[in-house]
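Here is a short report on a predicted model. Keep the sequence and the 3D view open while you read.

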Amino acid sequence: MTVSDAVVEKRRGLSPRQRAQRSRGIQYAVLVVIVVVAAFTANWSQIANVFFKPEFVKSAFTSGLPGAFLKTIEYTAGAFVIGLVGGTLLALMRLSPVAPYRWIATAYIEFFRGLPAIVVFVAFSLLPLAFADLVIPLDPYGTVWLALGIVAAAYMAEVIRAGIQAVPKGQIEAARSLGMPVGVATRKIVLPQAFRIVLPPLANDLILLVKDSSLVFIIGTSAAAYELTGFGRDLANTESNLTPLVTAGFCYLVITLPLGLLVRWLEAKAARAH
Amino acid sequence: MALVEIQNLHKSFGSNHVLRGIDFTVEQGEVVCVIGPSGSGKSTLLRCVNLLEVPQEGQVFVRGEDITDRDCHLDSARQQIGMVFQQFNLFPHLSVLDNCTVAQTTVLKRSKAEAEQIARDTLDRVGLSDKVTAYPMQLSGGQQQRVAIARALSMDPALMLFDEPTSALDPELVGDVLTVMRKLALDGMTMLVVTHEMAFAREVADRVVFMDGGVIVEQGPPAEVIGNPKEDRTRTFLRRVLDPTHVEPTP
(Lines give C-alpha, C1' and ligand atoms only; values in the text may rest on other atoms or scores of the structure.)
Protein backbone atom coordinates (compact mmCIF):
# COMPACT_ATOMS: atom_id res chain seq x y z
CA MET A 1 0.00 0.00 0.00
CA THR A 2 1.42 3.36 -0.95
CA VAL A 3 1.25 6.49 1.12
CA SER A 4 -1.60 7.98 -0.96
CA ASP A 5 -3.60 4.76 -0.53
CA ALA A 6 -3.29 5.12 3.26
CA VAL A 7 -4.59 8.67 3.09
CA VAL A 8 -7.61 7.56 1.04
CA GLU A 9 -8.21 4.68 3.47
CA LYS A 10 -8.24 7.10 6.39
CA ARG A 11 -10.68 9.42 4.64
CA ARG A 12 -13.23 6.63 4.34
CA GLY A 13 -13.76 6.69 8.13
CA LEU A 14 -15.42 9.60 9.97
CA SER A 15 -13.81 13.00 9.66
CA PRO A 16 -12.81 14.75 12.92
CA ARG A 17 -15.83 17.02 12.55
CA GLN A 18 -18.23 14.10 12.10
CA ARG A 19 -16.67 12.32 15.06
CA ALA A 20 -17.14 15.41 17.24
CA GLN A 21 -20.77 15.68 16.15
CA ARG A 22 -21.43 12.04 16.97
CA SER A 23 -19.83 12.40 20.41
CA ARG A 24 -21.89 15.49 21.19
CA GLY A 25 -25.06 13.71 20.00
CA ILE A 26 -24.41 10.82 22.40
CA GLN A 27 -23.88 13.22 25.31
CA TYR A 28 -27.19 15.00 24.63
CA ALA A 29 -29.00 11.63 24.34
CA VAL A 30 -27.70 10.48 27.75
CA LEU A 31 -28.81 13.75 29.34
CA VAL A 32 -32.30 13.50 27.87
CA VAL A 33 -32.68 9.90 29.08
CA ILE A 34 -31.67 10.84 32.64
CA VAL A 35 -34.04 13.83 32.74
CA VAL A 36 -36.94 11.77 31.41
CA VAL A 37 -36.33 8.91 33.87
CA ALA A 38 -36.06 11.35 36.78
CA ALA A 39 -39.23 13.17 35.73
CA PHE A 40 -41.26 9.98 35.67
CA THR A 41 -39.85 8.10 38.66
CA ALA A 42 -39.48 10.84 41.28
CA ASN A 43 -42.37 11.72 43.56
CA TRP A 44 -42.37 15.42 42.74
CA SER A 45 -45.22 16.49 44.95
CA GLN A 46 -43.55 14.94 47.98
CA ILE A 47 -40.18 16.49 47.12
CA ALA A 48 -41.81 19.89 46.74
CA ASN A 49 -43.68 19.35 50.02
CA VAL A 50 -40.55 18.47 51.98
CA PHE A 51 -38.06 20.92 50.48
CA PHE A 52 -40.02 23.80 48.99
CA LYS A 53 -43.30 24.20 50.84
CA PRO A 54 -44.38 27.83 50.29
CA GLU A 55 -46.06 28.32 53.69
CA PHE A 56 -42.88 27.23 55.47
CA VAL A 57 -40.84 29.66 53.36
CA LYS A 58 -43.23 32.33 54.51
CA SER A 59 -43.12 31.26 58.14
CA ALA A 60 -39.29 31.24 58.00
CA PHE A 61 -39.34 34.88 57.02
CA THR A 62 -41.82 35.84 59.74
CA SER A 63 -40.14 33.82 62.50
CA GLY A 64 -36.69 35.35 62.36
CA LEU A 65 -34.89 34.55 59.09
CA PRO A 66 -33.88 38.19 58.47
CA GLY A 67 -32.31 38.33 61.95
CA ALA A 68 -30.40 35.11 61.31
CA PHE A 69 -29.28 36.47 57.95
CA LEU A 70 -27.94 39.56 59.69
CA LYS A 71 -26.20 37.41 62.32
CA THR A 72 -24.43 35.39 59.62
CA ILE A 73 -23.16 38.62 58.10
CA GLU A 74 -22.12 40.02 61.49
CA TYR A 75 -20.30 36.84 62.50
CA THR A 76 -18.53 36.68 59.15
CA ALA A 77 -17.56 40.34 59.06
CA GLY A 78 -16.09 40.34 62.58
CA ALA A 79 -14.21 37.11 61.96
CA PHE A 80 -12.88 38.50 58.68
CA VAL A 81 -11.47 41.55 60.46
CA ILE A 82 -9.80 39.36 63.10
CA GLY A 83 -8.53 37.05 60.37
CA LEU A 84 -7.19 39.97 58.36
CA VAL A 85 -5.37 41.61 61.26
CA GLY A 86 -4.14 38.29 62.65
CA GLY A 87 -3.20 37.04 59.20
CA THR A 88 -1.20 40.18 58.41
CA LEU A 89 0.58 39.89 61.74
CA LEU A 90 1.35 36.21 61.14
CA ALA A 91 2.53 36.90 57.59
CA LEU A 92 4.92 39.60 58.83
CA MET A 93 6.11 37.22 61.57
CA ARG A 94 6.77 34.53 58.98
CA LEU A 95 8.98 36.95 57.07
CA SER A 96 10.66 38.32 60.20
CA PRO A 97 14.44 38.22 60.50
CA VAL A 98 13.90 37.05 64.10
CA ALA A 99 13.84 33.25 63.88
CA PRO A 100 11.53 32.50 66.86
CA TYR A 101 8.83 34.71 65.32
CA ARG A 102 9.07 32.67 62.14
CA TRP A 103 8.80 29.43 64.12
CA ILE A 104 5.78 30.61 66.10
CA ALA A 105 3.97 31.84 62.98
CA THR A 106 4.74 28.67 61.03
CA ALA A 107 3.57 26.46 63.91
CA TYR A 108 0.35 28.46 64.29
CA ILE A 109 -0.44 28.41 60.58
CA GLU A 110 0.30 24.72 60.11
CA PHE A 111 -1.70 23.83 63.25
CA PHE A 112 -4.87 25.76 62.51
CA ARG A 113 -4.78 25.09 58.80
CA GLY A 114 -4.43 21.38 59.36
CA LEU A 115 -7.12 21.18 62.03
CA PRO A 116 -10.78 20.76 61.03
CA ALA A 117 -12.52 24.01 61.94
CA ILE A 118 -15.17 22.01 63.76
CA VAL A 119 -12.56 20.79 66.28
CA VAL A 120 -11.69 24.40 67.10
CA PHE A 121 -15.38 25.14 67.59
CA VAL A 122 -15.89 22.15 69.86
CA ALA A 123 -12.88 23.31 71.88
CA PHE A 124 -14.44 26.78 72.19
CA SER A 125 -17.73 25.26 73.29
CA LEU A 126 -15.88 23.46 76.10
CA LEU A 127 -13.77 26.43 77.20
CA PRO A 128 -16.28 27.64 79.82
CA LEU A 129 -16.16 24.17 81.40
CA ALA A 130 -12.37 24.14 81.60
CA PHE A 131 -12.03 27.75 82.79
CA ALA A 132 -14.94 28.45 85.06
CA ASP A 133 -14.30 32.17 85.41
CA LEU A 134 -13.33 32.79 81.78
CA VAL A 135 -15.38 35.55 80.24
CA ILE A 136 -15.03 36.34 76.55
CA PRO A 137 -16.44 39.83 76.04
CA LEU A 138 -19.25 40.81 73.64
CA ASP A 139 -21.15 37.55 74.10
CA PRO A 140 -21.99 35.86 71.77
CA TYR A 141 -20.01 37.87 69.22
CA GLY A 142 -16.67 37.68 71.02
CA THR A 143 -16.62 33.88 71.11
CA VAL A 144 -17.83 33.48 67.54
CA TRP A 145 -15.47 36.07 66.11
CA LEU A 146 -12.54 34.58 68.00
CA ALA A 147 -13.30 30.97 67.02
CA LEU A 148 -13.82 31.83 63.35
CA GLY A 149 -11.04 34.43 63.28
CA ILE A 150 -8.41 32.13 64.75
CA VAL A 151 -8.87 29.67 61.88
CA ALA A 152 -9.30 32.36 59.22
CA ALA A 153 -6.07 34.07 60.30
CA ALA A 154 -4.11 30.92 59.52
CA TYR A 155 -5.48 30.74 55.98
CA MET A 156 -5.19 34.43 55.31
CA ALA A 157 -1.63 34.61 56.66
CA GLU A 158 -0.41 32.38 53.84
CA VAL A 159 -2.27 34.40 51.23
CA ILE A 160 -0.92 37.69 52.57
CA ARG A 161 2.63 36.31 52.85
CA ALA A 162 2.49 35.30 49.19
CA GLY A 163 1.26 38.82 48.36
CA ILE A 164 4.08 40.49 50.29
CA GLN A 165 6.62 38.31 48.51
CA ALA A 166 5.06 39.13 45.15
CA VAL A 167 5.86 42.83 45.58
CA PRO A 168 8.96 43.42 43.42
CA LYS A 169 12.24 43.80 45.33
CA GLY A 170 12.84 47.10 43.53
CA GLN A 171 9.93 48.63 45.46
CA ILE A 172 11.62 48.01 48.81
CA GLU A 173 14.94 49.20 47.41
CA ALA A 174 13.34 52.42 46.16
CA ALA A 175 11.66 53.01 49.53
CA ARG A 176 14.80 52.26 51.53
CA SER A 177 16.97 54.41 49.27
CA LEU A 178 14.63 57.33 50.02
CA GLY A 179 15.59 56.84 53.66
CA MET A 180 12.43 55.06 54.80
CA PRO A 181 12.98 52.73 57.74
CA VAL A 182 11.81 49.12 57.27
CA GLY A 183 8.57 49.71 59.17
CA VAL A 184 7.54 52.74 57.12
CA ALA A 185 8.50 51.04 53.85
CA THR A 186 6.41 48.02 54.83
CA ARG A 187 3.39 50.07 55.84
CA LYS A 188 3.40 52.67 53.07
CA ILE A 189 4.85 50.79 50.12
CA VAL A 190 4.83 47.01 50.53
CA LEU A 191 1.53 46.22 52.28
CA PRO A 192 -0.74 48.41 50.09
CA GLN A 193 0.64 46.68 47.00
CA ALA A 194 0.54 43.24 48.62
CA PHE A 195 -3.15 43.67 49.49
CA ARG A 196 -3.93 44.70 45.95
CA ILE A 197 -2.30 41.53 44.69
CA VAL A 198 -4.16 39.28 47.15
CA LEU A 199 -7.55 40.95 46.97
CA PRO A 200 -9.11 38.19 44.82
CA PRO A 201 -7.86 35.29 46.99
CA LEU A 202 -8.85 37.22 50.13
CA ALA A 203 -12.38 37.68 48.82
CA ASN A 204 -12.34 33.96 48.17
CA ASP A 205 -11.42 33.39 51.83
CA LEU A 206 -14.33 35.63 52.76
CA ILE A 207 -16.71 33.32 50.87
CA LEU A 208 -15.31 30.33 52.75
CA LEU A 209 -15.75 32.26 55.97
CA VAL A 210 -19.43 32.95 55.22
CA LYS A 211 -19.95 29.21 55.00
CA ASP A 212 -17.74 28.41 58.00
CA SER A 213 -19.91 30.71 60.10
CA SER A 214 -22.52 27.93 59.92
CA LEU A 215 -20.36 25.93 62.34
CA VAL A 216 -21.21 28.40 65.06
CA PHE A 217 -24.13 26.27 66.27
CA ILE A 218 -21.52 23.84 67.68
CA ILE A 219 -20.58 26.44 70.30
CA GLY A 220 -24.11 26.16 71.59
CA THR A 221 -25.38 29.67 71.09
CA SER A 222 -28.83 30.61 72.34
CA ALA A 223 -31.76 30.88 69.92
CA ALA A 224 -31.38 34.66 69.89
CA ALA A 225 -27.86 34.28 68.52
CA TYR A 226 -28.76 31.85 65.73
CA GLU A 227 -27.26 32.47 62.36
CA LEU A 228 -28.78 31.03 59.17
CA THR A 229 -27.86 27.37 59.64
CA GLY A 230 -28.76 27.29 63.33
CA PHE A 231 -32.04 29.00 62.56
CA GLY A 232 -32.91 26.76 59.60
CA ARG A 233 -32.00 23.60 61.48
CA ASP A 234 -34.04 24.58 64.51
CA LEU A 235 -37.10 25.51 62.50
CA ALA A 236 -36.79 22.41 60.29
CA ASN A 237 -36.77 20.31 63.47
CA THR A 238 -39.89 21.86 64.93
CA GLU A 239 -41.80 21.83 61.63
CA SER A 240 -40.56 18.34 60.60
CA ASN A 241 -39.97 19.82 57.18
CA LEU A 242 -36.74 20.71 55.37
CA THR A 243 -38.08 23.88 53.75
CA PRO A 244 -36.69 26.29 56.41
CA LEU A 245 -33.22 24.79 56.02
CA VAL A 246 -33.41 25.03 52.22
CA THR A 247 -34.54 28.65 52.56
CA ALA A 248 -31.57 29.35 54.85
CA GLY A 249 -29.34 27.64 52.29
CA PHE A 250 -30.56 29.96 49.55
CA CYS A 251 -29.76 32.92 51.81
CA TYR A 252 -26.09 31.81 51.77
CA LEU A 253 -26.18 31.99 47.98
CA VAL A 254 -27.58 35.51 48.24
CA ILE A 255 -24.36 36.42 50.07
CA THR A 256 -21.82 34.24 48.27
CA LEU A 257 -22.90 34.70 44.66
CA PRO A 258 -22.31 38.49 44.65
CA LEU A 259 -19.01 37.87 46.44
CA GLY A 260 -18.10 35.39 43.72
CA LEU A 261 -18.85 38.04 41.10
CA LEU A 262 -16.73 40.47 43.09
CA VAL A 263 -13.82 38.00 43.03
CA ARG A 264 -14.13 37.59 39.27
CA TRP A 265 -14.32 41.35 38.78
CA LEU A 266 -11.25 41.88 40.99
CA GLU A 267 -9.34 39.21 39.08
CA ALA A 268 -10.22 40.80 35.76
CA LYS A 269 -9.16 44.19 37.10
CA ALA A 270 -5.86 42.78 38.36
CA ALA A 271 -5.28 41.11 34.99
CA ARG A 272 -5.85 44.42 33.22
CA ALA A 273 -3.40 46.26 35.50
CA HIS A 274 -0.52 43.99 34.46
CA MET B 1 36.53 66.38 52.38
CA ALA B 2 35.19 64.28 49.53
CA LEU B 3 31.44 63.78 49.45
CA VAL B 4 31.89 60.06 48.87
CA GLU B 5 35.04 58.16 49.65
CA ILE B 6 35.34 54.44 49.05
CA GLN B 7 38.22 52.44 50.38
CA ASN B 8 39.25 48.92 49.37
CA LEU B 9 35.73 47.78 48.59
CA HIS B 10 35.11 44.05 48.08
CA LYS B 11 31.78 42.45 47.26
CA SER B 12 30.98 38.85 46.37
CA PHE B 13 27.75 37.12 45.48
CA GLY B 14 28.47 33.55 46.51
CA SER B 15 31.64 32.55 44.70
CA ASN B 16 31.30 35.44 42.26
CA HIS B 17 33.79 38.11 43.33
CA VAL B 18 32.17 41.20 41.76
CA LEU B 19 34.17 44.02 43.30
CA ARG B 20 37.86 43.35 43.87
CA GLY B 21 39.22 46.27 45.81
CA ILE B 22 37.78 49.62 44.72
CA ASP B 23 39.28 52.93 45.88
CA PHE B 24 37.35 55.88 44.65
CA THR B 25 36.12 59.34 45.60
CA VAL B 26 33.45 61.74 44.41
CA GLU B 27 33.95 65.43 45.20
CA GLN B 28 31.18 67.89 45.94
CA GLY B 29 29.67 69.15 42.67
CA GLU B 30 31.40 66.56 40.55
CA VAL B 31 29.69 64.53 37.82
CA VAL B 32 31.26 61.10 37.53
CA CYS B 33 30.25 58.59 34.89
CA VAL B 34 31.08 54.93 35.39
CA ILE B 35 31.39 52.93 32.20
CA GLY B 36 32.40 49.37 31.48
CA PRO B 37 31.19 46.06 30.07
CA SER B 38 28.22 44.32 31.67
CA GLY B 39 29.25 42.28 34.68
CA SER B 40 32.16 44.59 35.40
CA GLY B 41 30.68 45.51 38.79
CA LYS B 42 29.70 49.11 38.05
CA SER B 43 26.08 48.75 39.20
CA THR B 44 27.20 46.88 42.30
CA LEU B 45 29.63 49.69 43.08
CA LEU B 46 26.83 52.22 42.78
CA ARG B 47 24.53 50.15 44.99
CA CYS B 48 27.27 49.95 47.63
CA VAL B 49 27.32 53.76 47.88
CA ASN B 50 23.90 53.74 49.59
CA LEU B 51 24.40 50.25 50.98
CA LEU B 52 21.66 48.55 48.96
CA GLU B 53 24.44 46.00 48.65
CA VAL B 54 26.46 45.39 51.79
CA PRO B 55 30.14 44.98 50.95
CA GLN B 56 32.13 42.19 52.60
CA GLU B 57 35.20 44.35 53.01
CA GLY B 58 36.14 48.01 52.85
CA GLN B 59 34.50 51.28 53.84
CA VAL B 60 32.12 53.76 52.25
CA PHE B 61 32.30 57.28 53.67
CA VAL B 62 29.53 59.76 52.90
CA ARG B 63 30.45 63.24 54.11
CA GLY B 64 33.04 61.61 56.32
CA GLU B 65 30.62 59.21 57.96
CA ASP B 66 31.38 55.52 57.54
CA ILE B 67 28.04 54.07 56.42
CA THR B 68 29.38 50.51 56.49
CA ASP B 69 29.72 50.93 60.26
CA ARG B 70 26.81 49.00 61.73
CA ASP B 71 26.17 51.75 64.29
CA CYS B 72 25.73 54.34 61.53
CA HIS B 73 22.27 55.83 61.05
CA LEU B 74 21.88 54.39 57.58
CA ASP B 75 18.41 55.83 56.96
CA SER B 76 19.55 59.39 57.59
CA ALA B 77 22.60 58.81 55.39
CA ARG B 78 20.32 57.53 52.63
CA GLN B 79 18.18 60.65 52.79
CA GLN B 80 21.15 62.58 51.42
CA ILE B 81 21.61 60.15 48.54
CA GLY B 82 19.02 60.09 45.77
CA MET B 83 18.87 56.93 43.70
CA VAL B 84 17.46 56.44 40.22
CA PHE B 85 17.01 52.86 39.06
CA GLN B 86 17.16 51.27 35.65
CA GLN B 87 13.59 49.97 36.07
CA PHE B 88 12.32 53.28 37.59
CA ASN B 89 10.76 51.48 40.61
CA LEU B 90 8.02 54.06 41.00
CA PHE B 91 5.34 53.17 43.53
CA PRO B 92 2.48 52.00 41.27
CA HIS B 93 -0.23 52.45 43.92
CA LEU B 94 0.56 56.15 44.39
CA SER B 95 -0.05 59.08 42.08
CA VAL B 96 2.92 60.94 40.62
CA LEU B 97 2.54 63.62 43.29
CA ASP B 98 2.29 61.08 46.12
CA ASN B 99 5.33 59.25 44.79
CA CYS B 100 7.22 62.49 45.38
CA THR B 101 5.71 63.29 48.79
CA VAL B 102 5.51 59.94 50.61
CA ALA B 103 9.13 59.96 51.76
CA GLN B 104 9.08 63.69 52.51
CA THR B 105 6.16 63.37 54.92
CA THR B 106 7.16 60.08 56.52
CA VAL B 107 10.94 60.51 56.70
CA LEU B 108 11.61 64.25 56.71
CA LYS B 109 8.35 64.96 58.62
CA ARG B 110 7.46 67.79 56.29
CA SER B 111 3.87 68.96 56.35
CA LYS B 112 1.65 67.74 53.54
CA ALA B 113 1.37 71.23 52.06
CA GLU B 114 5.11 71.82 52.14
CA ALA B 115 5.86 68.38 50.68
CA GLU B 116 3.37 68.92 47.87
CA GLN B 117 4.84 72.32 47.06
CA ILE B 118 8.34 70.84 46.87
CA ALA B 119 7.06 67.90 44.81
CA ARG B 120 5.38 70.26 42.36
CA ASP B 121 8.60 72.26 42.06
CA THR B 122 10.73 69.20 41.35
CA LEU B 123 8.16 67.80 38.91
CA ASP B 124 8.32 71.15 37.17
CA ARG B 125 12.10 70.81 36.98
CA VAL B 126 11.76 67.51 35.10
CA GLY B 127 9.05 68.96 32.85
CA LEU B 128 6.11 66.96 34.22
CA SER B 129 4.09 69.53 36.11
CA ASP B 130 1.03 68.49 34.07
CA LYS B 131 1.23 64.87 35.27
CA VAL B 132 0.86 65.31 39.04
CA THR B 133 -2.43 63.43 39.25
CA ALA B 134 -1.44 60.63 36.86
CA TYR B 135 -0.43 57.15 38.02
CA PRO B 136 2.90 55.65 36.95
CA MET B 137 1.18 53.04 34.72
CA GLN B 138 -0.29 55.85 32.62
CA LEU B 139 3.12 57.31 31.77
CA SER B 140 5.71 56.42 29.17
CA GLY B 141 9.03 54.96 30.31
CA GLY B 142 10.77 58.28 29.82
CA GLN B 143 8.15 60.11 31.87
CA GLN B 144 8.34 57.48 34.60
CA GLN B 145 12.09 57.86 34.83
CA ARG B 146 11.73 61.64 35.09
CA VAL B 147 9.22 61.17 37.91
CA ALA B 148 11.77 58.89 39.59
CA ILE B 149 14.34 61.68 39.31
CA ALA B 150 11.85 64.17 40.75
CA ARG B 151 11.03 61.77 43.59
CA ALA B 152 14.72 61.58 44.51
CA LEU B 153 15.21 65.34 44.15
CA SER B 154 12.26 66.05 46.47
CA MET B 155 14.41 64.82 49.35
CA ASP B 156 17.06 67.52 48.69
CA PRO B 157 19.85 64.99 48.25
CA ALA B 158 23.51 66.01 48.32
CA LEU B 159 24.31 63.28 45.81
CA MET B 160 22.37 61.56 43.06
CA LEU B 161 23.09 58.00 41.96
CA PHE B 162 21.92 56.89 38.53
CA ASP B 163 21.95 53.17 37.76
CA GLU B 164 21.76 52.89 33.96
CA PRO B 165 18.82 55.31 33.93
CA THR B 166 18.18 55.07 30.19
CA SER B 167 18.87 51.37 29.56
CA ALA B 168 15.22 50.30 29.92
CA LEU B 169 13.91 53.07 27.67
CA ASP B 170 12.86 53.03 24.05
CA PRO B 171 15.53 54.87 22.05
CA GLU B 172 13.32 57.84 21.25
CA LEU B 173 12.65 58.46 24.96
CA VAL B 174 16.29 58.47 26.06
CA GLY B 175 16.83 62.10 25.07
CA ASP B 176 14.24 63.54 27.50
CA VAL B 177 15.82 61.82 30.46
CA LEU B 178 19.35 62.80 29.47
CA THR B 179 18.22 66.40 29.05
CA VAL B 180 16.93 66.43 32.61
CA MET B 181 20.19 64.93 33.86
CA ARG B 182 22.24 67.45 31.89
CA LYS B 183 20.27 70.28 33.47
CA LEU B 184 20.80 68.77 36.89
CA ALA B 185 24.55 68.64 36.28
CA LEU B 186 24.56 72.29 35.18
CA ASP B 187 22.73 73.20 38.40
CA GLY B 188 25.73 71.82 40.27
CA MET B 189 24.29 68.53 41.54
CA THR B 190 26.85 65.92 42.52
CA MET B 191 26.13 62.91 40.33
CA LEU B 192 27.44 59.39 40.05
CA VAL B 193 26.11 57.84 36.86
CA VAL B 194 26.47 54.29 35.59
CA THR B 195 25.74 54.57 31.90
CA HIS B 196 26.22 53.23 28.42
CA GLU B 197 25.57 56.64 26.87
CA MET B 198 29.08 57.57 25.79
CA ALA B 199 28.01 60.85 24.21
CA PHE B 200 26.41 61.90 27.51
CA ALA B 201 29.48 60.87 29.49
CA ARG B 202 31.78 62.72 27.15
CA GLU B 203 29.70 65.89 27.26
CA VAL B 204 28.53 66.07 30.88
CA ALA B 205 31.01 64.14 33.03
CA ASP B 206 33.85 65.84 34.88
CA ARG B 207 35.43 62.43 35.22
CA VAL B 208 34.90 59.07 33.58
CA VAL B 209 35.70 55.83 35.39
CA PHE B 210 36.22 52.69 33.36
CA MET B 211 35.64 49.45 35.23
CA ASP B 212 36.30 45.90 34.14
CA GLY B 213 36.48 42.65 36.10
CA GLY B 214 35.61 44.31 39.41
CA VAL B 215 38.41 46.86 39.41
CA ILE B 216 38.82 50.42 38.18
CA VAL B 217 41.01 50.11 35.11
CA GLU B 218 41.30 53.76 34.19
CA GLN B 219 39.80 57.09 35.18
CA GLY B 220 40.18 60.70 34.22
CA PRO B 221 38.57 63.50 32.20
CA PRO B 222 36.27 62.18 29.44
CA ALA B 223 38.52 63.55 26.71
CA GLU B 224 41.27 61.26 27.98
CA VAL B 225 39.36 58.11 28.98
CA ILE B 226 36.94 58.12 26.06
CA GLY B 227 38.91 60.23 23.60
CA ASN B 228 42.35 58.80 24.14
CA PRO B 229 42.32 55.76 26.44
CA LYS B 230 45.63 54.50 27.79
CA GLU B 231 44.60 50.94 28.62
CA ASP B 232 44.02 48.18 26.08
CA ARG B 233 40.88 46.99 27.85
CA THR B 234 39.37 50.48 27.67
CA ARG B 235 40.18 50.74 23.99
CA THR B 236 38.61 47.35 23.23
CA PHE B 237 35.46 48.23 25.17
CA LEU B 238 35.07 51.63 23.55
CA ARG B 239 35.58 50.22 20.07
CA ARG B 240 32.71 47.80 20.72
CA VAL B 241 30.40 50.42 22.20
CA LEU B 242 31.09 53.27 19.80
CA ASP B 243 31.01 51.10 16.70
CA PRO B 244 28.76 48.08 17.21
CA THR B 245 29.46 46.90 13.68
CA HIS B 246 33.17 46.73 14.38
CA VAL B 247 34.54 43.21 14.17
CA GLU B 248 37.61 42.27 16.20
CA PRO B 249 40.39 41.14 13.91
CA THR B 250 40.91 37.43 14.44
CA PRO B 251 44.53 36.80 15.37
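B:Ser12 stands opposite B:His17, a residue of β2 in chain B. In this predicted model, the two strands involved are β1 (residues 4-13) and β2 (residues 16-26) of chain B. They pair in the antiparallel sense, over eight bridges. Two residues lie between the strands of this hairpin. There, B:Gly14 takes a positive phi near 60°.

**Salt bridges**

Over all chains, the structure holds 19 salt bridges. Three of them are set out below, with the N to O distance for each pair.

| Basic residue | Acidic residue | N to O distance |
|---|---|---|
| A:Arg113 | A:Glu110 | 3.2 Å |
| A:Arg161 | A:Glu158 | 3.2 Å |
| A:Arg176 | B:Asp75 | 3.2 Å |

Take A:Glu110 and A:Arg113. Both lie in helix α6 (residues 99-114) of chain A. They sit three residues apart, about one turn of the helix. A:Glu110 counts as partly exposed because its relative accessibility is 42%, between the 20% and 50% cut-offs. A:Arg113 is also partly exposed, at 32% relative accessibility.

Now turn to A:Arg161 and A:Glu158. This pair belongs to helix α8 (residues 141-166) of chain A. The two are three residues apart, so about one helical turn separates them. Are these side chains buried or exposed? A:Arg161 has a relative accessibility of 19%, so it counts as buried, the cut-off being under 20%. A:Glu158 is buried too, with a relative accessible area of 14%.

The pair of A:Arg176 and B:Asp75 meets through its side chains in a salt bridge. This pair crosses between chains. A:Arg176 is in helix α9 (residues 169-177) of chain A, and B:Asp75 is in helix α2 (residues 74-79) of chain B.

Which residues are linked in a network of salt bridges? The members are A:Arg94, A:Glu110, A:Arg113, A:Glu158 and A:Arg161. The network therefore takes in A:Glu110, which is partly exposed, and A:Glu158, which is buried.

**Cysteines**

How many disulfides does the structure hold over all chains? The count is zero. Two cysteines can be placed by their accessibility. A:Cys251 counts as buried because its relative accessibility is 9%, which is under 20%. B:Cys100 is buried as well, with a relative accessible area of 2%.

Key: Residues are numbered from 1 along each chain as its sequence is written. Chains are lettered from A and ligands numbered from 1 in the order in which they are written. This is a predicted model: local features need pLDDT of at least 70, side-chain atom pairs count only at pLDDT 80 or more; totals for chains, interfaces and linings use all residues. Side-chain values use heavy atoms; hydrogens and water are left out. Two strands pair if DSSP finds at least two bridges between them. Helices (H or I, at least four residues) and strands (E, at least two) are DSSP runs, numbered from the N terminus. A disulfide is a pair of cysteine sulfur atoms within 2.5 Å. Buried means under 20% relative accessible area, exposed over 50%, partly exposed in between (1.4 Å probe, protein chains only). A salt bridge is a side-chain nitrogen of Lys or Arg within 4 Å of a carboxyl oxygen of Asp or Glu.
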